[in-house]
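Trainee: Can we go through some of the labels people put on structures? I'd like to see how each one is earned.

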Amino acid sequence: MNIKESILEKEGRKFPGATYSEVVLAPAYEHAKQSLLEPMIATHKAHLIMLVEQELLQESAGSQILAAICALDKERILQSTYDGQYEDLFFLVESQIMKVAGEMGGSLHLARSRNDMGVAMYRMVLREKILLAIEALLSFQETLLRVIDNYKETIVLGHTHTQQAQPMTFSHYLLGMYDVVDRDLKRLKAAYDTCNASPLGAAALTTTGFPIDRNTVAELLGFPKIIKSAYDAIGGADYLGEIATAIQLTFINLGRFSQDLLLWSSQEFSAIRVADPYVQTSSIMPQKRNPVSLEHIRALSSSGIGNAQTVLQMLHNTPYGDINDTEDDLQPYLWKGLHLIDQVFRLTNVVVGTLEVNEALLKRRAQESFATITELADTLFREANIPFRTSHSIASQVVKIALARGLNATHVTSVLVDEAAKAVVGIPLNLPEEIIRTAMDPEHFVKTRSLPGGPAPKEMKRAIVEREASLHHHISLLHTEVYRIKVCMERLDQLTSHWGKTDENDINTGH
């Protein structure tokens with residue numbers, strides 16, 4: 001027996017081959033029955049309503065097909081496994097419809113292809129999962145604003161290049177992160193708007209010769225617009241890439257945040273303490289409090305980045321048209337990525353919402369640090385009427401002298417400033433002690449930086465109110481959109497509720 005015959009003996013001589021079934025069709029069927037069955041049924045109903053409204057099918061035929069759709073045993077389908085009898089979920093469902101409706105059931109596919117239908121179902125699933133991801137981000141922002149409000153006067157050291165830089169508040173850092181999440185939200189919303197468009201009516205790639213109404217089907221399924229070009233409707237894949245890119249950036253940003261929190265949880269920093277429900281101990285070292293929740297947030301974020309990158313890689317160098325690369329093999333990576341956003345941000349929400357901040361320790365570190373030296377340079381410029389670069393040099397000399405003598409920032413006095421001034425400009429500045437003490441105070445440093453975007457508590461209060469208004473607006477928009485789609489899905493049944501029923505008035509009047 002030659003190699004071909006040997007393979008066919010094991011694989012079978014007709015579609016699908018055993019290995020093809022195992023590697024491709026069976027996994028695709030599992031994903032499809034779990035995620036695509038409901039969108040498929042909704043698409044069937046919307047297309048059927050349109051065919052009847054356009055008088056391409058009589059209402060009696062539509063009623064017959066609708067009864068078959070409603071008779072589908074969804075639970076049985078969900079429990080089924082792929083057996084190769086039908087190529088995929090579509091053909092299985094179509095066969096069951098035709099068993100009830102007869103040959104007329106085949107007319108449901110009039111003026112339609114699996115191409116435009118498949119893309120429509122993918123978009124319906126994706127928009128639902130994007131909305132869940134958006135909800136998770138908004139919930140996290142809600143919690144974050146409460147935490148920001150709690151710590152708007154908590155002095156901490158800000159770092160640049162991993163080195164102590166300037167005093168700020170813990171809220172100043174968190175508000176920056178809030179705005180990063182806000183941009184993540186903006187990108188997901190943009191991806192949602194791109195995704196939320198109907199390809200139906202494009203058929204295989206050239207539309208159809210039947211007078212269908214693409215806008216009606218789009219409206220019935222909750223799509224606010226159609227994809228204008230029929231070829232783009234089945235060949236365009238950038239809506240997938242846009243979602244993947246939004247997922248990647250969201251997880252990249254969250255990973256950076258979790259890395260900071262992990263570092264600050266270390267005993268060397270002792271800046272924050274993760275609440276007991278989100279830490280684990282060691283099997284051998286009883287003193288350990290391992291902030292494993294933050295590690296999982298970081299690890300799962302990396303996993304989400306990987307899923308999104310897989311999508312972009314699968315799109316790379318593929319032809320512009322209807323291809324399997326954008327379909328069953330790719331979609332689960334996006335579904336998982338969006339599901340991870342929901343999961344990981346819900347975890348981040350409870351971890352951040354229950355953090356404890358070591359305020360006394362952080363304030364003392366800021367007081368002892370030379371991070372306020374910028375304000376000393378500014379003060380010398382204002383009070384001694386000398387050029388800024390000169391005041392900067394004197395402030396720098398103050399730090400050099402103090403460090404050489406083992407002093408910290410609390411030991412800086414007017415005498416020390418005069419010594420530094422003599423070394424730089426040859427004469428003392430003779431500034432009052434109170435001015436120097438104020439310049440070196442971290443709380444003063446923070447309060448004077450009250451410009452928009454600054455860490456001053458007054459500015460932080462204004463910023464919180466501003467973000468709260470925007471957040472409530474976004475939450476309202478989300479709820480409105482979720483409700484809008486829910487109403488569209490319910491309307492599919494309402495529009496067909498009278499099909500197959502004789503009007504009682506007609507009976508009474510003898511018509």
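Trainee: What makes glutamate 38 partly exposed?

Mentor: This is a predicted model, and in it glutamate 38 has a relative accessible area of 46%. Buried means under 20% and exposed means over 50%, so 46% lands in between and glutamate 38 is partly exposed.

Trainee: How do you know that glutamate 38 and lysine 74 meet in a salt bridge?

Mentor: Their side chains come to 3.1 Å, N to O. The cut-off is 4 Å, so the pair counts as a salt bridge. Lysine 74 is partly exposed too, at 33%.

Trainee: Why do we say that this pair ties parts together?

Mentor: Lysine 74 lies in helix α5 and glutamate 38 in helix α3, so the bridge joins parts that are 36 residues apart in sequence.

Trainee: Why is the contact between aspartate 88 and arginine 114 called a salt bridge?

Mentor: Check the closest N and O atoms: they are 2.6 Å apart. The limit is 4 Å, so the name fits. Aspartate 88 has a relative accessible area of 22%, and buried needs under 20%, so aspartate 88 is partly exposed.

Trainee: What makes glutamate 375 buried?

Mentor: Its relative accessibility is 2%. Anything under 20% is buried, so that's the verdict for glutamate 375. Glutamate 375 also forms a salt bridge with arginine 449, with the closest N and O atoms 2.9 Å apart. Glutamate 375 sits in helix α15 and arginine 449 in the loop between α19 and α20, so the pair links parts 74 residues apart in sequence.

Trainee: How many salt bridges does the whole structure have?

Mentor: A search finds 23. There's also a network of salt bridges linking Asp179, Glu459, Arg462, Glu466 and Arg467.

Trainee: On to helices. Why is α4 called oblique to α6?

Mentor: They pack at an angle of about 125 degrees, with their axes 8 Å apart. Roughly perpendicular covers 65 to 115 degrees, and roughly antiparallel starts over 145, so α4 is oblique to α6. The contact is made by Gln64, Ile65, Ala68 and Ile69 of α4 and Ile97, Val100 and Ala101 of α6. Those residues divide into 6 nonpolar, 1 polar and no charged.

Trainee: Last one: what makes arginine 298 partly exposed?

Mentor: Arginine 298, in helix α12, has 31% relative accessibility. The range runs from 20% to 50%, so arginine 298 counts as partly exposed.

Definitions and conventions: Residues numbered from 1 in each chain as written. Predicted model: local features only at pLDDT ≥ 70, side-chain atom pairs only at ≥ 80, totals over all residues. Heavy atoms only, no water. Helix = DSSP H or I, 4+ residues; strand = E, 2+ residues; numbered from the N terminus. Buried < 20%, exposed > 50% of the residue type's maximum accessible area, 1.4 Å probe, protein only. Axes fitted to C-alpha atoms, helices over the stretch in contact; angles between N-to-C directions. Parallel < 35°, antiparallel > 145°, perpendicular 65-115°, else oblique. Contact = heavy atoms within 4.5 Å. Nonpolar A, V, L, I, M, F, W, Y, C, P; charged D, E, K, R; others polar.
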